[in-house]
Amino acid sequence: MEERALRRFRETLPLASPDLGEWLTGFYQKLTVERRASWHTVHAYFTDLKHFINFMTQHRGEMLCLKDFETLKPMDLRAFLARRVREKASKRTNARCLSSLKAFVRYLRQQGHGVSNGFEVITLPRLDKSLPRPLSETQSLHLMDRTASTWGELRDQALFMILYGCGLRISEALNLNVKEWTPPFLIIKGKGGKERGVPLLPVVVAKVKQYLAASPYPCTPESPLFRGAKGGRLNPCHAQNTLRNLRLDLGLPDTATPHALRHSFATHLLEAGGDLRHIQELLGHASLSSTQIYAHLTQDKIFAAYQMAHPRGKD
């Protein structure tokens, strides 16, 4: 992911004037060195800045420079967001894009540059609240209990098992190196560089050991834990495509994605009586409100079961 973020930064620089490029470089350094932002965050920020700078150059008929940030009007920003909507960008994508622009504008102001107040006039689009859609326990176990006949199938099974058994994000699992595989606990570096300890179930440890033993590549401390067919770090697209194919074979819903396994981990723990605070720690959520969304899921199930079971609920 670091390589992708650096590549996106380098793609953005030639689109801007040299004076603006200087401050884009400073912003990149602030994110990566001072704030220690995740590489996913850095990639997202510069993806959005690239789209914005490219659009403004076309919109104004000249290369965007630092001085232009003092004169940008709300109508310019609305024109950019309208273009994104025409390109089928979702409300969530547009909200993230506007957040990225405002983060860069805050950085410019901190460095003493004057910036148009048009960025304050434009508000984030209102997002529709959506609940996580976990798999059922049966569906999750069917995914884990398949017979694996090749090294690649063992790898995929081990990956899905660690996502479901530990509640990891797909990026967290794929960023692991062999030296960081330290049963019975993993130290995971999550969003913003925050570390957390995650216990490993014996069945997860056994499956990963089986996969590593079958690997055609040497397991050096610095090598990726999950490797692709050519020996490099496994791409998240592979996990997504593999699970998409398995949905058809196993009759899983369209919502069965690698991230749904993380949702399933949290939901099933909560349904079994797990403490919300403990689940927050395991997931690496900074705020309890992020974890409480799973409580709504379990409450809905309890209420549905109550309606089905109670004599008056069937009237």
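Let me start with one residue: His113 touches Trp23, Leu66 and Leu108, leaving aside residues up to four places away in sequence. Touching here is contact, that is, heavy atoms within 4.5 Å. Before going on, a word on what is shown: this is a predicted model, where local features need pLDDT of at least 70 and side-chain atom pairs count only at pLDDT 80 or more, while totals for chains, interfaces and linings use all residues. Residues are numbered from 1 along each chain as its sequence is written, and side-chain values use heavy atoms, with hydrogens and water left out.

Back to His113. It sits in the loop between helix H5 (91-110) and helix H6 (118-121). Helices (H or I, at least four residues) and strands (E, at least two) are DSSP runs, numbered from the N terminus. Is His113 buried or exposed? Neither: with a relative accessible area of 23%, His113 is partly exposed. Buried means under 20% relative accessible area, exposed means over 50%, and partly exposed is in between, with a 1.4 Å probe and protein chains only. Leu66 is 47 residues from His113 along the chain, and their C-alpha atoms are separated by 8.8 Å.

A second loop residue is Thr150, placed between H7 and H8. Thr150 is partly exposed because its relative accessible area is 40%. From Thr150 to Ser215 there are 65 residues in sequence, and 9.8 Å in space, C-alpha to C-alpha.

H7 and H8 bring us to a pocket. Which elements each supply at least two residues of the lining of the second largest pocket? They are helix H7 (137-144), helix H8 (151-166), strand S2 (195-199), helix H10 (202-214) and helix H12 (258-271). The lining has 16 residues, and Tyr164, Gly165, Leu201, Val204 and Phe265 lie nearest the centre of the pocket. On a 1 Å grid over the protein atoms alone, a pocket is an open set of points where a 1.4 Å probe fits, with protein on both sides within 12 Å along at least five of seven lines; lining residues have an atom within 4 Å of a point. The volume of this pocket is about 320 Å³, counted as the space filled by probe spheres set on the points.

Now the whole chain. It has 14 helices and 2 strands, and its C-alpha trace spans about 65 × 60 × 35 Å along its principal axes. Of the 315 residues, 44% are buried. Among contacts with a separation of 6 or more, 62% come from residues 24 or more positions apart.
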